[in-house]
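The following exercises are to be solved with the sequence and the coordinates at hand. Each task is followed by a solution in steps.

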Amino acid sequence: MKSGKLEVKNLVFNYGEKTILNDISFELSNGDFIAVVGKSGAGKSTLLRCLNLLNKPKSGEINILDENIVNFNRSKLKLLRRDIAFIFQDYNVLDNLYTVENVLTPYLVKKSIFGLILGYSKEEYREGVSFLKQVGLEDEAFKKSKYLSGGQKQRVAIAKALAQNPKILLADEPVSSLDEKNTTLIMDTFKKLNQENGITVLINLHDVNLAKKYSTKILGLKDGKVLFYKDSEKVTKDEFEELYN
Ligand SMILES: Nc1ncnc2c1ncn2[C@@H]1O[C@H](COP(=O)(O)OP(=O)(O)OP(=O)(O)O)[C@@H](O)[C@H]1O
Ligand SMILES: [Mg+2]
C-alpha cells in the first residue's frame, strides 16, 4: 500500500438482526485528519473495527488504494494490517512485558526466526525509548507495564502505533482516560504524524472541541448513519446539536 487513501461505499454492518451501520459512505485522501463524533452507541467503534475488517461488513465496499479489501484473504489482510495501526479502546498492552517491549512488538512481524531468538538489538531498544519519549513515558521504558496506570497504558498503545510506522492510523477514543496535559501531548503527536509524515488519521472522539481543534474533517455519526461529513470549520452549531439530541 503506497498511500493512505480510503473510500467507504454503502457500508452496512449488522450484529445479528440489528443494523448497526446503515449505508455509510465517505472518502478521505492521503494526509487527512478525520474525527468521528457522535453519541454513545452511534456506531463509532463498530465503524473503526470495520475499517480493518475486525468486523466483517454485511455489504458495501472499503477501498484502500483502489482495492476493495472486504473480501481479502488472511494473508492479504495480514499485509494490509501492517500499514494500518489500530489503537483500541482497551489499549491491548501486555502486562508482563517491559513497557519498551510492548512498544516494539510491531517489529516482531519483520524478524526472522533467528532474529526472534536473538531478541531486540540495542538500537531497537533505543528506538523504542524514543517512541515512548514522544508520548512522555521514557522514564517508564524498563518498568513492567502492569505497574502503569490506565492513561499510561493508553499512551503505550500510542507509542506502539508509532513504532508500526503506518500509512493509516485508526484510534478509538485515544485520549478518553487522559488528563488535559497528556491529551494535548497525544493530540499534538497525532497532528505531527499527520502533517510531517503524511499519515492519514481517523479517530473517534467524544470531545467535539478537540475534534474542531485538531481535525481537518468531521464525520458526524447518528444512529449508524452519516449525519454530516465536512471540513471541520464548516460544521455548524445546529449540526452538532442535532447530532447529540
Ligand atoms: N458485540 C456486540 N454485539 C451486539 N451489539 C453490539 C456489540 N457491540 C456493540 N453493539 C451495539 O452496537 C451499537 C454501536 O456500538 P458502538 O460501540 O459502535 O458505539 P460507539 O459509538 O462506539 O459508542 P461509545 O461512544 O459508547 O464508545 C450499540 O447499539 C451497541 O449496543
Ligand atoms: Mg466506542
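Helices, taken as DSSP runs of H or I with at least four residues, are numbered from the N terminus. The model is predicted.

**Exercise 1. Determine which residues surround ligand 1 and which helix gives the most to this shell.**

Step 1. The residues around ligand 1 are Y15, I20, G38, S40, G41, A42, G43, K44, S45 and T46.

Step 2. Sorted by class, this shell has three nonpolar, six polar and one charged residues.

Step 3. Helix 1 makes the largest contribution to the shell around ligand 1, with three residues.

**Exercise 2. Identify the buried residues of helix 1 and state how they are arranged around its axis.**

Step 1. A residue counts as buried if 20 or more other C-beta atoms lie within 10 Å of its own. In helix 1, residues 44-51, the buried residues are K44, L47, L48, C50 and L51.

Step 2. These residues cover an arc of only 155° around the axis, which places them on the same side of helix 1.

Step 3. The general geometry is as follows: an α-helix has 3.6 residues a turn, so residues three or four places apart point the same way.

Step 4. Just after helix 1, L53 adopts a positive phi of about 65°.

**Exercise 3. Find where confidence is lowest and where it is highest in the protein chain, then describe the surroundings of strand 9.**

Step 1. The protein chain has a mean pLDDT of 92, and 99% of its residues reach 70 or more.

Step 2. Confidence is lowest in helix 4 (residues 113-118), with a mean of 83, and highest in strand 9 (residues 217-222), at 98.

Step 3. Strand 9 is largely enclosed by the rest of the structure, because five of its six residues are buried.

Step 4. Strand 3 (residues 33-37) runs parallel to strand 9 and is joined to it by four bridges. In this pairing, I34 has K217 of strand 9 as its bridge partner.

Step 5. Strand 10 (residues 225-231) pairs with strand 9 in the antiparallel sense over six bridges. Here L221 stands opposite V226 in strand 10.

Step 6. Strand 9 and strand 10 form a hairpin with two residues between them, and D223 in the turn has a positive phi of about 45°.

**Exercise 4. Give the strand order of the open sheet of four strands and name its edge strands.**

Step 1. The order of the open sheet is 2-1-4-5, with antiparallel pairing.

Step 2. The edges are strand 2 (18-28) and strand 5 (67-68), each of which pairs on one side only.

Step 3. Strand 1 and strand 2 are linked in the antiparallel sense by seven bridges. The bridge partner of L6 in strand 2 is L28.

**Exercise 5. Locate N10 and N165, and state for each whether it is exposed or partly exposed.**

Step 1. Most residues other than glycine have a negative phi.

Step 2. N10 has a positive phi, near 50°, and N10 lies in strand 1 (residues 6-15).

Step 3. With 12 other C-beta atoms within 10 Å, N10 is exposed; the cut-off for this class is 12 or fewer.

Step 4. For N165, phi is likewise positive and near 50°. N165 is placed in the loop between helix 6 (150-163) and strand 7 (168-172).

Step 5. N165 has 14 other C-beta atoms within 10 Å and is therefore partly exposed.

Technical notes:
Residues are numbered from 1 along each chain as its sequence is written. Chains are lettered from A and ligands numbered from 1 in the order in which they are written. This is a predicted model: local features need pLDDT of at least 70, side-chain atom pairs count only at pLDDT 80 or more; totals for chains, interfaces and linings use all residues. The arc is that of the directions from the helix axis to the C-beta atoms. A residue is near a molecule or strand if its C-beta atom, placed from the backbone, lies within 6 Å of it. Ala, Val, Leu, Ile, Met, Phe, Trp, Tyr, Cys and Pro count as nonpolar, Asp, Glu, Lys and Arg as charged, and the others, Gly among them, as polar. pLDDT is the predictor's confidence in each residue, from 0 to 100. Two strands pair if DSSP finds at least two bridges between them.
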